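This report concerns the protein shown below. Please keep the sequence and the model at hand while reading.

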Amino acid sequence: LMPKSDPLAAASGSPLDHFVHGLGYFAPSIDDSGMFIASLKSQNSSFVEQVSAASPAKFGMKNYFAASENFFQQDLYSDHIYYEGGYIYDAVAAAVLGACEARKTSTKTVPVPGFQHLNEILALNVSGATGTIKFDRESKSRHSDSISFYMLNGQILPNRYGKDVLIYRFANVAVREDQEWDYVEDFIYSDGSTKAHTPLRDVEEIKNYTFPSFQYVSLVFCSLGLIVTFGSMAMTCVYRTSHVITAANATYLLLSCLGTAGCFSLVLILQLNENMGITTTTLDKFCRLYGALHIVAVACFFVPLYAKLKWLNLSIIERQDSTYNRFLIVPFILVTPPLVIYVYALISGSISWRKEVIEVDEYGFVLESDTGCGNAFIGGSRAMNISISVLAFLFMLWMCRYAQRTRLKIEHETKEGRNLYFVLLFHWQFTLLYVLCSCSYDYVESEVIFILVINHFLTGVARLMWIIYPFMRDLVRSLYAQQQEAFEGRSIDISVIEGVEEQLDDEVSGLTNCDL
């Protein structure tokens, strides 16, 4: 793709037509009037012979290239010399100039130390064939400010072959120098207009933003958390008639286990998203699954917890006359509208991975953007995301105060109020951290994913430790005590049987043969 290349013919509606139509292509630019191109054009046939003689590739060899006598005048634009020659020249010149400077400062004569040679190359700031030669010390690459680019645009030309055949030219529509684009003609988009109707955006890959070791550790610990959580659910179902489960309420434990499993599953989804979310389709699937699990994790935490706090605030006599399940009605009604909205958004396809465009230029190209998963509540809007996060933070603060009052009221009866207060306080602190992340533009994608993974994992551990573990511990102790009692009962029965056997032996031994 070159400004001076021949027009390209493509069948209407063909893949090549769709690719070239409205194409924007960026390439380094070379000044035709510069000294380097002028020097190349001035080379004659004798110079071609010298180059051919010096080339290690001879006639008949694999890499042999037969150059014509007027190669530098005729074939300059049809080969890569026009673009690559200047950069090859500047690369060789940079190596030579760096070696010369290193020889001046080096205490050794030959060879020049490699680190001194590299440092001198990175310190260059000279005029070359392709502009100012200077390098970035961190990336050790050519500084982007020192390279001029032009932008080609695939445009349809009028032709005499009919509407089934399209002729394209690659027009040089803009040149960038000193980080500023100078448009020499309008950029024509695929719809034929010169103005983008919507901001031009793309889906960025978020593959492997976090360290592999962090991914492996989080996957292992979350898998263990899921095993413990599902094991607790199974024990709750099997021993639901136990006095420990009856006192805690099986519905409360099952919902808490389901929400905890949702927290650990969110971590797995984030890690799978990093390693498999490459295309738009897979990103959308992970986004919808993440949103569904997030709602399950939140709903299965607040609904049973709010009902539990309401039930614990009753007196001991009132608890005997009232069931825990009755208090699930009000929070369930409050959670139902968001669930309905989410299901509708899921069916309509509005939940997807999207890029929120923050700033665009006058031609519709994105200057600043932020990628993320837009779900039913935030709708891809950062402002709405911040509002929802702040409301969640205030709601968590109210729940913490309510749990603190419950803790002080029932502390003489049970430690459950203290556990509920601790888990809510833990959630409140991490909700505050999430609000700060939502309100800041300074976090990159890897930091956001890291914070989300830590947030979901620690909230899952907090629920497991302060809600599920105490009841599972009491249940295991109760089952162990029952087994001990049963074992002691069997021991007493065995001793009685042994005593009866001894008595029968004595009586039989005292009988005579006649009596027998």
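The sections below describe a predicted model, beginning with its nonpolar cores and ending with its salt bridges.

## Nonpolar cores

The largest nonpolar core comprises 54 residues, and the members with the most contacts inside it are Tyr-252, Leu-305, Leu-424 and Ile-467. Several helices contribute to this core: helix 7 (212-238), helix 8 (243-248), helix 9 (250-276), helix 10 (280-312), helix 13 (382-410), helix 14 (416-439) and helix 15 (445-509) each supply at least two residues. Another core, of 9 residues, lies apart from it and includes Leu-23, Tyr-150, Leu-152 and Leu-166.

## Surroundings of Tyr-252

Which residues does Tyr-252 touch, not counting residues up to four places away in sequence? The nonpolar partners include Pro-304, Leu-305, Leu-420, Ile-467 and Phe-471. Tyr-252 also touches Tyr-324, as well as Lys-308 and Glu-416. Of these, Leu-305 and Ile-467 are listed with Tyr-252 among the core residues that have the most contacts inside the core.

Lys-308 and Glu-416, both touched by Tyr-252, are themselves joined by a salt bridge, in which the closest N and O atoms are 3.3 Å apart. Because Lys-308 belongs to helix 10 and Glu-416 to helix 14, the pair ties together parts that are 108 residues apart in sequence. Lys-308 counts as buried because its relative accessibility is 1%. Glu-416 is likewise buried, with a relative accessible area of 12%.

## Ile-269 in helix 9

Ile-269 lies in helix 9, one of the helices that supply at least two residues of the largest core. Its relative accessible area is 8%, so Ile-269 is buried.

Leaving aside neighbours within four places in sequence, Ile-269 is in contact with Phe-286, Leu-289, Tyr-290 and Leu-293. Ile-269 and Leu-289 are 20 residues apart in sequence, and their C-alpha atoms are 7.8 Å apart in space.

## Helix 7: buried residues and a surface patch

Helix 7 has 27 residues, and the distance from its first C-alpha to its last is 39 Å, close to the 39 Å expected at 1.5 Å a residue. Its buried residues are Phe-214, Gln-215, Ser-218, Cys-222, Gly-225, Leu-226, Thr-229, Ser-232, Met-233 and Thr-236.

Which residues make the nonpolar surface patch of about 480 Å²? They are Val-217, Val-220, Phe-221, Leu-224 and Ile-227. Leu-224 lies in helix 7 and counts as partly exposed because its relative accessibility is 46%. In soluble globular proteins, nonpolar side chains tend to be buried together. Against that background, the partly exposed Leu-224 may be set beside Leu-226, which is buried in helix 7.

## Salt bridges

How many salt bridges does the model contain? The count comes to 3. One is the pair already described, Lys-308 with Glu-416.

Another joins the side chains of Lys-104 and Glu-101, at 3.5 Å from N to O. These residues are 3 apart in helix 5 (residues 81-105), so about one helical turn separates them. Lys-104 is exposed, with a relative accessible area of 64%, whereas Glu-101 is partly exposed, at 31%. A further salt bridge is formed by the side chains of Arg-473 and Asp-474, at 3.6 Å from N to O. Arg-473 counts as partly exposed at 30% relative accessibility, and Asp-474 is partly exposed with a relative accessible area of 30%.

Key: Residues are numbered from 1 along each chain as its sequence is written. This is a predicted model: local features need pLDDT of at least 70, side-chain atom pairs count only at pLDDT 80 or more; totals for chains, interfaces and linings use all residues. Side-chain values use heavy atoms; hydrogens and water are left out. A nonpolar core is a set of buried Ala, Val, Leu, Ile, Met, Phe, Trp, Tyr and Cys residues joined through side-chain atoms within 4.5 Å. Buried means under 20% relative accessible area, exposed over 50%, partly exposed in between (1.4 Å probe, protein chains only). Helices (H or I, at least four residues) and strands (E, at least two) are DSSP runs, numbered from the N terminus. Contact means heavy atoms within 4.5 Å. Patches are made of residues with over 30% relative accessible area and no salt bridge: like charges are joined within 9 Å, nonpolar side chains (Val, Leu, Ile, Met, Phe, Trp, Tyr) within 5 Å. Accessible areas come from the Shrake-Rupley method with a 1.4 Å probe; for residues, only the protein chains shown count as cover. A salt bridge is a side-chain nitrogen of Lys or Arg within 4 Å of a carboxyl oxygen of Asp or Glu. The expected span of a helix is 1.5 Å times one less than its number of residues.
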